[in-house]
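Please open the structure in your viewer and keep the selection panel at hand. The tour below moves from one selection to the next and says what is found at each stop.

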Amino acid sequence: MVRSGLAPAVTGATVASVEVFDERSLRRHDAPSEDFIDRLTGARFDEPRRRGKFLWIPIAGRSQALVIHLGMSGQVLLREPGAPRDRLTRISLGMEHPEHGPLRVDFVDQRIFGSMAIDDLVAAADVPGDTVPAQVAHIARDPLDAGFDDARFFAALARRNTGIKRALLDQTLISGIGNIYADEALWASRIHYDQPTGELSRPRARTLLAQVRLVLGKALAEGGTSFDAQYLNVNGESGYFSHSLNAYGQQGNPCPRCGRPIVREQFMNRGSHFCPRCQRLVARR
DNA sequence: AAGTAATCCTGATCGC
DNA sequence: TGCGATCAGGATTACT
């Protein structure tokens, strides 16, 4: 959704100025901020791309891209030049678009888990002829990608010796799924978060993948509208999430399906929300 | 080698 | 009113 909102604003636009307010937001840029500014200033952007939670904007005529990761709290805001900046703005790009004129792209991030970087584009191992930033090369395709290979994913699950939620969150296996999406898809599929992948039947795995696609698709559809109001949000928390969460954050509330209170457990240093009646560990028969 | 735990990071919120 | 403790989870790292 961020990508589609950003595309009309930045594609074909040139970077006129770069301001870095907090160098920690350049954690993934492997050189000083002066280098980031030098390489970005004057660059002309091609169309933004995405893989999993990584977004990048290729730089025209160079085998490089501006890589953006939003972390948990990151946002990309489109602003008129001169508009007040959000207090938590870490990096600000002054843009010049050939048709729309001047525009500002602000990278806002509270917790600084997100980042911007200039990175080299390298051949994508899984897509012949395509390129991705070097730091994105190990990220798998996401399940909404037409090239996502279902059979291969199921085979990888069967081969693995771990819990299903761990696998869903492993971006080298399947990308784009965060903690919220994982809990929601597992709830919809009636699968316990720690169900061993090797003991998940093929039909249940199919159900799960279908639900993952549904959840991701809904989120994209609701968040990814237009770019009308200078405000291009992005975070996963608006729209869809505010009113249609069945499990995530619902601990203590009745399961929408069976009425049993949703439980929250610590898992992988984060919360896991599930219904203890609908989502049980199952041994393969 | 594969699986897992620890780590980073700060603003909002809560309790006292 | 102020202060400290608590909480949130992406991806990488450092282990076992």
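For the stops along the DNA, a residue is near a strand if its C-beta atom, placed from the backbone, lies within 6 Å of that strand. Bear in mind throughout that this is a predicted model.

Select DNA strand C to begin, and display the 16 residues around it, among which Lys53, Phe113, Gly178, Asn179 and Arg270 come nearest. Colouring by element shows that H5 and strand S11 (270–274) are the ones that give two or more residues to this surface. Coloured by class instead, the surface near DNA strand C divides into four nonpolar, nine polar and three charged residues.

Move next to DNA strand B, whose surrounding residues include Arg24, Leu88, Gln110, Phe113, Arg160, Arg166 and Asn269. The surface near this strand has three nonpolar, four polar and four charged residues.

Now turn to the largest nonpolar core, which has 66 residues, and select Val10, Trp56, Leu66, Val67, Ile68, Met116 and Ala185, those with the most contacts inside it. Helix H5 (residues 179–189) gives the most to this core, contributing six residues. Centre the view on Leu66, which, leaving aside neighbours within four places in sequence, is in contact with Leu40, Trp56, Ile57, Ile59, Met116 and Ile118.

Finish at His97, which has its place in strand S6 (residues 89–97). Is His97 partly exposed or buried? His97 counts as partly exposed because it has 16 C-beta neighbours inside 10 Å, whereas 20 or more would be needed for a buried residue. Not counting residues up to four places away in sequence, His97 touches Ala9, Gly12, Ala13 and Leu103.

Notes. Residues numbered from 1 in each chain as written. Chains lettered and ligands numbered in written order. Predicted model: local features only at pLDDT ≥ 70, side-chain atom pairs only at ≥ 80, totals over all residues. Core = buried A, V, L, I, M, F, W, Y, C linked by C-beta atoms within 7 Å. Buried ≥ 20, exposed ≤ 12 C-beta atoms within 10 Å, placed from the backbone. Helix = DSSP H or I, 4+ residues; strand = E, 2+ residues; numbered from the N terminus. Contact = placed C-beta atoms within 7 Å. Nonpolar A, V, L, I, M, F, W, Y, C, P; charged D, E, K, R; others polar.
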